[in-house]
Amino acid sequence: MQGFLLQTQSIRDEDLIVCVLTKNHLKTLYRFYGKRHSVLNVGRKIDFEEENDDKFLPKIRNILHLGYIWEREMERLFFWQRFCFLLFKHLEGVHSLDSIYFDTLDDGANKLSKQHPLRVILEMYAALLNFEGRLQSQNSCFLCDKKLENSVALAQGFVLAHPSCLKAKSLDLEKIQNFFHTQSTIFLEIEEVEELWRTLNLGF
């Protein structure tokens, strides 16, 4: 079975409780420290076996790290792990999932070695918002309910507002709408990409 590590939590000694996103589930598993073990970091893709335990959480065994070459680059790894943390907070408490969450991570991980990490992550996020029906289609400010003009600001969840209402940085409305429609950052400047990343860090 394969999955992405979205959270690790240390308990007694060096045992761990880990949350792994698989194709259709968010699994909470127990990793016994033992004599032989692999380092488990958030964001890693792993192959593993699950062993049921009637008294406690299922155990995770025979872990194999399915590494990517970009994991050696600290900046890419930082952005990736941050996105995985935000995704975990969004999915926390859910057990059964559509495969789009795993597939989006899998596709993004394959792109990270060749593309700008923030562009990859923003496109992943937009794809998930689109799947969840959360990409705003109305051309109005969520705070005052009046029509949006040429400039727009983004709140948490990429909800649109007037810059004057939200007291936030102004972005080009047409560019943002194109990004929502295509889930591509190709027409966004790097400064706009960085601003969207700051907004994403507020949470899903």
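This is a short walk through the fold, the cores and one helix pair of the structure above. The model is predicted, with local features needing pLDDT of at least 70 and side-chain atom pairs pLDDT 80 or more, while totals for chains, interfaces and linings use all residues. Residues are numbered from 1 along each chain as its sequence is written, and side-chain values use heavy atoms, leaving out hydrogens and water.

Let's start with the overall layout. The protein chain has six helices and eight strands (DSSP runs numbered from the N terminus: H or I of at least four residues for helices, E of at least two for strands). Its C-alpha trace spans about 60 × 35 × 30 Å along the principal axes. Of its 204 residues, 44% are buried, meaning under 20% relative accessible area with a 1.4 Å probe, protein chains only.

Now look inside. The largest nonpolar core (buried Ala, Val, Leu, Ile, Met, Phe, Trp, Tyr and Cys joined through side-chain atoms within 4.5 Å) holds 50 residues, and Leu105, Phe158 and Leu200 have the most contacts inside it. Domain 1 (2-69) and domain 2 (72-202) both contribute residues, so this core lies between them; the domain bounds come from an automatic or database assignment. Apart from this core lies another, of nine residues, including Val18 and Phe48.

Finally, turn to two helices. Helix α1 (residues 74-91) packs against helix α3 (residues 117-131) at an angle of about 20°, their axes 9 Å apart. That makes α1 roughly parallel to α3, a term for angles under 35 degrees. Here Phe83 and Leu87 are among the α1 residues that meet α3, where Ile121 and Tyr125 are among the partners.

How values were computed: Axes are lines fitted to C-alpha atoms, for helices over the stretch in contact, and angles run from 0 to 180 degrees between N-to-C directions. Angles under 35 degrees count as roughly parallel, over 145 as roughly antiparallel, 65 to 115 as roughly perpendicular and the rest as oblique. Contact means heavy atoms within 4.5 Å.
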